[in-house]
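Me: I should like to understand the terms used to describe a protein model. Please explain each one by setting a value against its definition.

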Amino acid sequence: MNPSIDELTEHYLRGELTDAEVVALEERLSANDAERSQFRRAMRLEANLRAHATEQQSEVTVWSGVRTQEEATLAESLRALLWRWWTPLATALVVIGTVAWLMWPHTYETGFILASADAAVKVERAGVAMMLPVGTMLREGDVIITGGAGIVASYPVEETRLELDPHTRLEVLTHRDGKRLRLLAGSLSAEVSPQPEGRPMRLFSPGAEAVVLGTRFTLSADAPRSELAVHKGAVRVNRTATEDSIVVSAAEKVMLGAKSLELESLPPLVPPRWRDEHTLALDFETPVTWPVLRGGRVVANPQEPGSCLTGELVEVVRRKGDKLVLATSLRPQCVLSAASQLKLRYWAASGIESIEVFLYVVGVERAFKAELKPEAHDRWMEWTLSFVSLKSATGAPPSSDATLRSISIHTSPVSGPLAFYVDDVVLEHVSPLPLSR
Amino acid sequence: MPSDSLHPESDAPGYELFVGLLTRHEAALRRFARTLLPEWGDVDEVMQRSALAAWRKFGQFDPATDFLKWALVIARYEALAYRRAMGRDRLVFSDAFLEKLAEEAEAETEVAHREERALEHCLKKLSPERRELVLKAYVDGTDQRDVAAAIGKTPAAFYMLLARIRRDLGDCIERTLKQEALT
């Protein structure tokens, strides 16, 4: 029995038309204006549904994703509005705090104020966990506890600022003879203004003490990878157990749990600027409006230049749900072999949890995929991917004589500002498409 | 000024205008490409090529004229070229038939836009369960078989359900447009 026009349209929509059905559908549609009009309407409806569904999903994720200019402006307005209300409130709280301090002189304020964007922050005070509003001045012995989101504690008199990462506990000890804080767990970044002479800020972490004169640094208290990294200025580290010490200068870091304190160079924090040889690049800090076009290189058989991939390469960056997609279209000129591999040099900023490479081959609609969880961020890393390790939806790798069609690289999630760069994409052990194909 | 360079920078003159126009008409261009191409992967591919070709030729575009019409010509050319290349590997519609479809689809951009607005209204008329289901099924990049599995249906049964929902939406859109025409 011949399939109906509805069935043929259904198969077309699902991309499952057989060769015989392609012929049948074309014959039917060519001969019947009404059916052709119905077919076009079905295509339009599907496209509209897809656009609507994808847009709705993006709306849900937009605040955790890349912000458009309008969204950024809106966020800025909201922040300004919050601050307009919170500033008087914070002032009032400081006044109330001062009164409390006067009434209970045995309890000392520390000068640090909760300045998180959240309305309230969890603090352990005298062994009791409580939610304190933003603007509250912290007292000696208070422990700030962050949950899933980081918070900021500031020392407004001198613009010193501590940014606590999620799942961090920081005890504020005192500020009378110089600020004293103890990082109990987690990590923080600090921007410390020049400290009064003879009264450096001291930040204790398990087994070590950082003496800060005025600098920008990050400190992590997560053993065994507890480390201090300095981005500006200098910090002296004193270890309590071994009584050794070292000065860590800008662009250096030291592992606090190591046998001996040894300085290591930090990779530059800011990814390099766009260069032509970056095949694919995306700066999440710039509002992304589809499409962003970039040109670049995918190099095949570097030992044998020109053997394939002599065609034009184009790349497009576009937003797709909560992912950003970097796609490279290739002219189908390279044939894979069992030994084929792809080498990728990439830079993923902190926050990028996974990178997926999708490989499309001629004649196969579904992509072959491999996923990588970056072992390190904010530095150039290399990833070698054997094509036989790629998996399709059915688990099978591409056949060993498949012809390469395109490569896509996806990063996930998008929770900017982030950056992701890909340098050379190198294909090895691929061969030119035979002329007879 | 747009150039032949493969490196258009975001600060190139005309770039913002180009991106703005392309973004505004992206939905219409995708609908058009979808009519001519059997797979969404192909649509994405042709949209990329069309965007690049349009940028290269943007210097020739007269801002006083209709950008969508201009871009549709480019998308049509790119879609046909792509289908021809694809035809080397699998059977596809003939050039003559695709030209006919493209011509008719180009003439329907206005009605397609009205349908897009009517769809929003018609989706609200669906039951919340059916609305959620159909929106989940059509999110870009979703494998409908995964959605089927998630609600405990076989792919075949799920496709039938989606076809019914689409038919209901199609009927609703037609009614809505007729009512709009009367008022």
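Reply: Let us begin with a cut-off: a residue is called buried if its relative accessible area is under 20%. Please bear in mind that this is a predicted model.

Me: Why is B:Arg76 called buried?

Reply: The relative accessibility of B:Arg76 is 18%. Buried means under 20%, so B:Arg76 counts as buried. This residue belongs to helix 4 of chain B. Leaving aside residues up to four places away in sequence, B:Arg76 touches B:Phe32, B:Glu99, B:Ala102, B:Glu103 and B:Glu106.

Me: What makes helix 4 of chain B mostly covered?

Reply: Helix 4 of chain B has 20 residues, and 14 of them are buried.

Me: How do you know that the span of helix 4 of chain B is close to the expected one?

Reply: From its first C-alpha to its last, helix 4 of chain B reaches 28 Å, and the expected value at 1.5 Å a residue is 28 Å. The expected span is 1.5 Å times one less than the number of residues, and helix 4 of chain B has 20 residues.

Me: What caps the N-terminal end of helix 4 of chain B?

Reply: The cap is B:Asp66, which has a side-chain oxygen 2.9 Å from the backbone nitrogen of B:Leu68. A polar contact requires N or O atoms within 3.5 Å, and the distance of 2.9 Å for this pair therefore meets that cut-off.

Me: Which residues touch the most other members of the largest nonpolar core?

Reply: They are A:Leu25, B:Leu29, B:Leu36, B:Leu37, B:Phe58, B:Phe67 and B:Trp70, in a core of 48 residues. Helices of both chains supply at least two residues each, including helix 3 (33-61) of chain A and helix 5 (95-106) of chain B. Helix 4 of chain B gives the most, with eleven residues. Apart from this core lies another, of 36 residues, among them A:Leu132, A:Leu162, A:Leu183 and A:Val235. In soluble globular proteins, nonpolar side chains tend to be buried together.

Me: Why does B:Ala148 count as buried?

Reply: Its relative accessibility is 0%. The cut-off is under 20%, so B:Ala148 counts as buried. B:Ala148 is placed in helix 8 (residues 144-150) of chain B. Beyond residues up to four places away in sequence, B:Ala148 touches B:Lys153, B:Thr154, B:Pro155 and B:Phe158. B:Tyr159 is eleven residues from B:Ala148 in sequence, and their C-alpha atoms are 8.4 Å apart.

Me: Which are the edge strands of the open sheet with the order 4-1-6-7-10-13-14-17-18 in chain A?

Reply: They are strand 4 (137-139) and strand 18 (263-265) of chain A, since each pairs on one side only. The nine strands of this sheet pair in antiparallel fashion, and the twist averages 25 degrees from one strand to the next.

Me: How do you know that strand 17 of chain A pairs with strand 18 of chain A?

Reply: Pairing needs at least two bridges. Three bridges join strand 17 (residues 252-255) of chain A to strand 18 of chain A, so the two strands pair. One bridge links A:Lys253 with A:Glu264 in strand 18 of chain A.

Me: What is the pairing in the sheet of order 3-2-5-8-9-11-12-15-16 in chain A?

Reply: The pairing in this open sheet of nine strands is mixed. Strand 15 (residues 234-239) and strand 16 of chain A run antiparallel and are joined by five bridges.

How values were computed
Residues numbered from 1 in each chain as written. Chains lettered and ligands numbered in written order. Predicted model: local features only at pLDDT ≥ 70, side-chain atom pairs only at ≥ 80, totals over all residues. Heavy atoms only, no water. Core = buried A, V, L, I, M, F, W, Y, C linked by side-chain atoms within 4.5 Å. Buried < 20%, exposed > 50% of the residue type's maximum accessible area, 1.4 Å probe, protein only. Helix = DSSP H or I, 4+ residues; strand = E, 2+ residues; numbered from the N terminus. Contact = heavy atoms within 4.5 Å. Polar contact = N/O pair within 3.5 Å; in protein donor to acceptor, adjacent residues only side chain to side chain. Axes fitted to C-alpha atoms, helices over the stretch in contact; angles between N-to-C directions.
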